[in-house]
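This briefing walks through the secondary structure elements, the packing of the interior and a few unusual backbone positions. Please keep the sequence and the structure at hand while reading.

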Amino acid sequence: MPRELPWTIAAPVTHELIVKKSRFLTHLRPTSSIAEADAFIAQVRKEHWSANHNCVALVIGQTADQQRSSDDGEPSGTAGVPMLEVLRQRGVTDVTAVVTRYFGGVLLGAGGLIRAYGNAVSQGLDLARPVYRRHLHPVAVEVGHTQAGRLENLLRDWARRHESSLQPTSYGAAATLHLLVPPPQADALRIFLAAETGGAVAPDIGPAAVHDVA
């Protein structure tokens with residue numbers, strides 16, 4: 001599916017990078033608010049209280065509008081800023097990165113620190129399972145149980161061809177098929193269902209909202 005909003009990560013990631021005997025431990029966490037990010041930062045700093053540095057970068061908000069970084073004692077601009085720049089360049093949001101450094105006895109210099117902290121976050125993101133965000137209509141299609149299997153197969157194929165997602169079916173007195181459909185495809189879905197059911201089935205299309213699509 002094409003991306004139109006910043007993406008996020010599905011679960012926490014931990015990654016270790018060794019640069020000239022210094023250990024850089026990357027901790028990435030999906031965080032949906034500044035308060036949640038601050039709690040995570042405090043947790044990492046408590047766990048790694050003996051580390052030389054716990055540097056931070058975070059991007060929060062549906063449009064990545066809240067951003068912050070901290071060098072935590074490293075030379076100004078050599079840790080938090082390159083970490084934040086990676087998050088920006090990779091187009092993520094609702095992610096907090098803490099890179100814990102245990103000094104290995106070899107000075108890296110400003111350029112070396114910038115590369116190390118940036119690579120630590122970049123490699124951590126490479127390991128993350130992405131969750132993409134899109135404006136989508138939630139759609140419900142109610143049918144009789146005897147029709148559900150056939151229509152589910154048809155809609156699964158339709159969804160693949162129309163940048164949509166078929167969600168789990170719910171069962172009650174009738175079967176309700178659920179989809180997430182981008183706004184440009186809503187009319188195509190109405191036409192498709194009318195053609196396949198002789199006009200007997202019409203989709204209930206809810207207002208478009210931002211949805212996570214793994």
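Strand 4 and strand 6 run antiparallel and are joined by 7 bridges, and within this pairing V56 has V98 of strand 6 as its bridge partner. The model is a predicted one, and the points below should be read with that in mind.

**Strand 6 and its neighbours**

- On its other pairing, strand 6 is matched with strand 3, again in the antiparallel sense, over 8 bridges, and here the bridge partner of F24 is R101 of strand 6.
- Strand 6 is mostly covered, since 8 of its 8 residues are buried.
- The side chains of V95, A97, V99 and R101 point one way from strand 6, while T96, V98, T100 and Y102 point the other way, and the residues of both sets are buried.

**Helix 1**

- Helix 1 comprises the 14 residues 34–47, which at 1.5 Å a residue should span 20 Å, and the end C-alpha atoms are 20 Å apart, in agreement with that expectation.
- The buried residues of helix 1 are A37, F40, I41 and V44; they cover an arc of only 100 degrees around the axis, so they lie on the same side of the helix.
- On the face of helix 1 that is turned away from this buried side, the exposed residues are A35 and K46.
- The buried residues of helix 1 pack against strand 3 (22–30), strand 4 (53–60), strand 5 (66–70) and strand 6 (95–102).

**The nonpolar cores**

- The largest nonpolar core has 27 residues, of which F24, M83, L87, Y117, V121 and L125 touch the most other members.
- Strand 2 (13–19), strand 3, strand 4, helix 2 (80–89), strand 6 and helix 3 (109–127) each supply at least two residues of this core, and helix 3 gives the most, with 6 residues.
- When neighbours within four places in sequence are left aside, Y117 is in contact with F24, H53, C55, E74, T78, A79, M83, V99 and R101.
- A second, separate core has 16 residues, and V139, V143, L151 and W158 are among them.

**Helix 4**

- The 17 residues of helix 4 (145–161) should span 24 Å at 1.5 Å a residue, and the end C-alpha atoms are 25 Å apart, which agrees with the expected value.
- At L151, helix 4 bends by about 30 degrees, and L151 also belongs to the second core.
- A148, L151, E152, L155, W158 and A159 are the buried residues of helix 4, and these residues pack against strand 7 (130–143), strand 8 (165–171), strand 9 (175–181) and helix 5 (186–197).

**Positions with positive phi**

- Most residues other than glycine have a negative phi, and the residues in this group depart from that pattern.
- K21 is not a glycine, yet has a positive phi of about 75 degrees; K21 is placed in the loop between strand 2 and strand 3, and its relative accessibility of 65% is over the 50% cut-off, so K21 counts as exposed.
- D72, which lies in the loop between strand 5 and helix 2, has a positive phi near 45 degrees although it is a residue other than glycine, and at 31% relative accessibility D72 counts as partly exposed.
- E163, just after helix 4, takes a positive phi of about 55 degrees.

Key:
Residues are numbered from 1 along each chain as its sequence is written. This is a predicted model: local features need pLDDT of at least 70, side-chain atom pairs count only at pLDDT 80 or more; totals for chains, interfaces and linings use all residues. Side-chain values use heavy atoms; hydrogens and water are left out. Helices (H or I, at least four residues) and strands (E, at least two) are DSSP runs, numbered from the N terminus. The expected span of a helix is 1.5 Å times one less than its number of residues. The bend at a residue is the angle between axes fitted to the seven residues ending there and the seven starting there. Buried means under 20% relative accessible area, exposed over 50%, partly exposed in between (1.4 Å probe, protein chains only). Contact means heavy atoms within 4.5 Å. The arc is that of the directions from the helix axis to the C-beta atoms. Two strands pair if DSSP finds at least two bridges between them. A nonpolar core is a set of buried Ala, Val, Leu, Ile, Met, Phe, Trp, Tyr and Cys residues joined through side-chain atoms within 4.5 Å.
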